[in-house]
Amino acid sequence: MGLTRDGALFYGIVRAAEDVYFADLDPETGRVVGAARKAIQDHEGTNYAPSYSPDGNYLAYVSKRGYKFDDFRPFLYRTDDFGETWTSITQGLPDEPINVVFEDNLNPDLLFVGNDTGVFVSIDGGQRWVKMNNNIPNVPVHDLLVHPRDGDLVVGTYGRGIFVTNVSALQEVDESVLGKDVHLFTIKPTTQRITWQMGNDYLFGSEHIVTPNPPSGMAIRYYMSGSAGDSVTITVQDAGGAEVATLKGTAEEGIHSVYWDMRLRGERGRGGPGGVRPRSPLEQLVPLGTYTVTLEVGGVSLSQPAVIEKTQGW
C-alpha cells in the first residue's frame, strides 16, 4: 500500500492480486473508508507509478497487460483525479506488453516505460513516446529507476544484466529547449576524483568482474536541433577570466556530452620543469571553485557556470 496526502485527507493505493485500487483512508486508523475503486477493469494489473511532483497527489500511472489473452497491445493509463477517470497514453508505443512505468523524480513530464523490446521515453507526460535503446539490445526491460542524486537511469533487463545511462539533460528538456537551434544544459557541481595505482596492478587487477565507471570529469551537455557545418568549441575560464581549457564537440543533431578532465594544461603545470605535468596527481588538478563554460557554434555563444566543489581520492 502506498499513501499520499492532500491537506487533511489521506488516500491509499492498494495492490491486490495484480490489480491496483484507490481508496480513502482514515488518517487516525489507516483503515479504508468507503468502497475501494479499481484502477482499470480490463486485463491484469501489472504496475503502478506514483507522481513525484509537489502537486501530484491526484496523479498516477497504471500499466496493464493482456498477453495471456493473445492481446499484445500496450495498456498505459494516467489519472489526474485520483482514479476517478483515466486517459490512455500509448501514442508511439509498439504492440508489446508494458512491464514497468516510471516517472522522473525531478521532472514530472519525463516518463520511462520498459517493455519486451527495451526502453521508451516521453518528455510531455506520455503524449508521445520514442525508443531510447541506443546500445541496449532488444531485450525485455522489467525494472526502471532514476537515481535521485546523480540523475542516472538504471535499467533492469531480463537476461542481459543492468544498463545505466545519465538522463540529467532529459530532465531539463521541454518544448522551449527543443525549439532552440542550440542549448547548453545546466552543469552539475562536480567532484575531482583520483584513483591511485598500487604496483603494476590497478586495485585488484582482473580478479573481479567489473563494469567501467562513468567518465572521470565534468560533464558538459548540449543540444543541437540540426547539424551544423562547424564543430562545437567549448572553452572553460576561471573566476579571473583566464582560459584553462578548450574542448571540441560534435555539431550533429541531438544531445551530446563532452567531458573536461579538470586538469591543468601542460604549460601551466606546477612543480614540473619546462611546463611538463608534475608527477603528483593532486598537483595536476585545477583549483576548486567556480568556472565559466562557454559553447560556440554557428555564431551562437552560450555560457553556464560550473562548480568544482571538492576533491576525492582513494
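Strand E18 (residues 218-224) is joined to E21 by 7 bridges, and the two run antiparallel. Met224 stands opposite Gly254 in E21. The model is predicted.

These two strands belong to an open sheet of 3 strands, ordered E16-E18-E21, with antiparallel pairing. Its edge strands, E16 and E21, each pair on one side only. From one strand to the next, the twist averages 20°.

**The cores**

The largest nonpolar core holds 25 residues. Met218, Ile220, Tyr222, Val232, Ile234, Trp260 and Leu295 have the most contacts inside it. E16, E18 and E21 each give two or more residues to this core, as do E19, E20, E22 and E23.

| Strand giving two or more residues to the largest core | Residues |
|---|---|
| E19 | 232-237 |
| E20 | 243-249 |
| E22 | 289-297 |
| E23 | 300-313 |

Which residues does Trp260 touch, leaving aside its neighbours within four places in sequence? Trp260 is in contact with Gly217, Met218, Ile220, Val236, Val244, Ala245, Leu247, Val286, Tyr291 and Ile308.

A second, separate core has 21 residues. Among them are Val121, Ile136, Val146 and Leu170.

**The whole protein**

The protein has 23 strands and 2 helices. Of its 314 residues, 42% are buried. Contacts between residues at least 6 apart in sequence include many long-range pairs: 47% join residues at least 24 apart. The exposed surface comes to about 17200 Å², with carbon and sulfur atoms supplying 51% of it.

Notes. Residues numbered from 1 in each chain as written. Predicted model: local features only at pLDDT ≥ 70, side-chain atom pairs only at ≥ 80, totals over all residues. Heavy atoms only, no water. Pairing = 2+ DSSP bridges. Helix = DSSP H or I, 4+ residues; strand = E, 2+ residues; numbered from the N terminus. Axes fitted to C-alpha atoms, helices over the stretch in contact; angles between N-to-C directions. Buried < 20%, exposed > 50% of the residue type's maximum accessible area, 1.4 Å probe, protein only. Contact = heavy atoms within 4.5 Å. Areas by Shrake-Rupley, 256 points an atom, 1.4 Å probe, with all protein chains shown as cover. Core = buried A, V, L, I, M, F, W, Y, C linked by side-chain atoms within 4.5 Å.
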